[in-house]
Amino acid sequence: MEKLDGKIAVQSAKDIRGPSPLIAIENEAPAKLIVDPPLAEPLAQGRVFIQYRTENLRVLPVFGKGALEVSPRIGHIHITVDDAPWHFVDASGETIILVGLEPGVHKVLIELADPTHKVITSETVKFTLPDIKKSS
């Protein structure tokens, strides 16, 4: 905590959480996607846990053209594993969990999308799943 004039300054909720989601924001900053590498412990056990966060966009299960007018902006993520010809959609905002992948090198494309599924930005995570049978 910082001290101002000898007093402890406490960060406000707005300082930590950003603007209130109940008030429209004019000239919103661009949406950002920040993706961490898979968590090491689950990965060593053959499970993939990928944490992510967004800035200037709330991940919510709201879709359609009308939702483009919501402020602060909302969206969801698309997840594609190993260049599959399909992806799945997640609007929970929670850690991505993947199980059942074969040992070896994998990549996961995580796309931040608007309510009409238009991709705003993306990140790719690459990792190697160990062969648990061999390492036991």
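**Close-up views of a predicted model**

**Figure 1. Lys32, Arg53 and Glu55 are joined in a network of salt bridges.** The structure shown here and in the following figures is a predicted model. Side chains of opposite charge can pair when their charged atoms come close. In this view, glutamate 55 takes part in two such pairs: with arginine 53, where nitrogen and oxygen are 2.8 Å apart, and with lysine 32, where the closest N and O atoms are 3.9 Å apart. Glutamate 55 belongs to strand β5 (residues 52–55) and lysine 32 to strand β3 (residues 32–35), so their salt bridge ties together parts that are 23 residues apart in sequence. Glutamate 55 is partly exposed, at 27% relative accessible area. Lysine 32 is likewise partly exposed, at 44%, and arginine 53 is partly exposed at 44%.

**Figure 2. Aspartate 83 and lysine 107 form a salt bridge between their side chains.** The distance from N to O in this pair is 3.3 Å. Aspartate 83 is found in the loop between β7 and β8 (88–90), whereas lysine 107 is part of strand β10; the pair therefore ties together parts that are 24 residues apart in sequence. With a relative accessibility of 58%, aspartate 83 is exposed, because the cut-off for that class is over 50%. Lysine 107, at 29%, is partly exposed. A search of the whole structure finds 3 salt bridges, and the pair in this view is one of them.

**Figure 3. Strand β10 pairs with strand β7 in the antiparallel sense.** Strand β7 covers residues 74–81 and strand β10 covers residues 104–113. The two strands are joined over 6 bridges. One position to locate is threonine 80, whose bridge partner in β10 is leucine 109. In a regular strand, the side chains alternate between the two faces of the sheet.

**Figure 4. Strands β10 and β11 form a hairpin.** Strand β11 spans residues 119–129 and pairs with β10 in the antiparallel sense over 10 bridges. Alanine 113 stands opposite valine 119 of β11. Between the two strands lie 5 residues. In the turn, histidine 117 has a positive phi of about 75°. Strand β10 thus has antiparallel pairing both with β7 and with β11.

**Figure 5. Proline 30 lies in the loop between α1 (13–17) and β3.** This residue is exposed, with a relative accessible area of 61%. Leaving aside residues up to four places away in sequence, proline 30 touches Glu55, Asn56 and Arg73. Glu55 also appears in Figure 1, as a member of the salt-bridge network with Lys32 and Arg53. Proline 30 and isoleucine 120 are 90 residues apart in sequence, yet their C-alpha atoms are 9.0 Å apart in space.

**Figure 6. The chain as a whole contains 3 helices and 11 strands.** Read along the sequence, these elements follow the pattern β-β-α-β-α-β-β-β-β-β-β-β-β-α. The chain has 136 residues, and buried residues make up 27% of them. Among contacts with a separation of 6 or more, 57% are between residues 24 or more positions apart. The accessible surface comes to about 9300 Å², and carbon and sulfur atoms account for 54% of this area.

Technical notes: Residues numbered from 1 in each chain as written. Predicted model: local features only at pLDDT ≥ 70, side-chain atom pairs only at ≥ 80, totals over all residues. Heavy atoms only, no water. Pairing = 2+ DSSP bridges. Helix = DSSP H or I, 4+ residues; strand = E, 2+ residues; numbered from the N terminus. Salt bridge = Lys/Arg side-chain N within 4 Å of Asp/Glu carboxyl O. Buried < 20%, exposed > 50% of the residue type's maximum accessible area, 1.4 Å probe, protein only. Contact = heavy atoms within 4.5 Å. Areas by Shrake-Rupley, 256 points an atom, 1.4 Å probe, with all protein chains shown as cover.
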